[in-house]
Amino acid sequence: MTGGSQADGVRVAACSGEFDRDTVPVPADVCEREAGAAELLVLDVARVTFAGSAFLNLMIRLHRTRPLVLEGPLPHQLFRRLEPSGALGLFEVRDGPNG
């Protein structure tokens with residue numbers, strides 16, 4: 001999990017690997033640190049290989065506290081977690097770095 005700025009007011013947090021209840025504190029900490037005064041948080045999820053319910057909860061919590069965009073393409077496993085739960089409609093999803 002890495003973070004950085006993309007442009008004025010935009011912060012990017014790149015997720016890579018598996019995220020379950022034991023590992024989700026890492027992206028949560030990075031997102032909180034990166035989001036600070038950000039006008040927009042971009043969560044790059046293209047390299048997520050597993051997303052448990054704790055990761056879904058993190059994304060929903062972030063969405064409720066600040067503008068959030070998921071940058072993809074969405075991995076199939078993450079899509080399968082978001083779509084049946086109805087959470088997919090909560091997020092703006094961009095296919096890549098340029099929208």
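Select His76 and Pro84 on helix H3 (76-85) of this predicted model: both are exposed (over 50% relative accessible area, 1.4 Å probe, protein chains only). Helices here are DSSP runs of H or I with at least four residues, strands are runs of E with at least two, and both are numbered from the N terminus.

Now turn to the other side of H3 and select Gln77, Leu78 and Leu82, which are buried (under 20% relative accessible area). Viewed down the axis of H3, these buried residues fall within an arc of 130°, so they line one face of the helix; the arc is taken over the directions from the helix axis to the C-beta atoms. Show strand S3 (40-51), helix H2 (53-65) and strand S4 next, since the buried residues of H3 pack against them (contact means heavy atoms within 4.5 Å).

Next, go to the two ends of H3. In the loop between S4 (68-71) and H3 lies Pro73, joined to Gly72 by a cis peptide bond with omega of about 20°. Just after H3, Gly86 has a positive phi of about 85°. Most residues other than glycine have a negative phi, and most peptide bonds are trans.

Finally, select Leu43, Phe55, Met59, Leu82 and Phe91, the residues with the most contacts inside the largest nonpolar core, which has 25 residues. Such a core is a set of buried Ala, Val, Leu, Ile, Met, Phe, Trp, Tyr and Cys residues joined through side-chain atoms within 4.5 Å. H2 gives the most to this core, with seven residues. A second, separate core of five residues includes Val12, Leu40, Val42 and Val69.

Residues are numbered from 1 along each chain as its sequence is written. Local features need pLDDT of at least 70, side-chain atom pairs count only at pLDDT 80 or more, totals for chains, interfaces and linings use all residues, and side-chain values use heavy atoms, with hydrogens and water left out.
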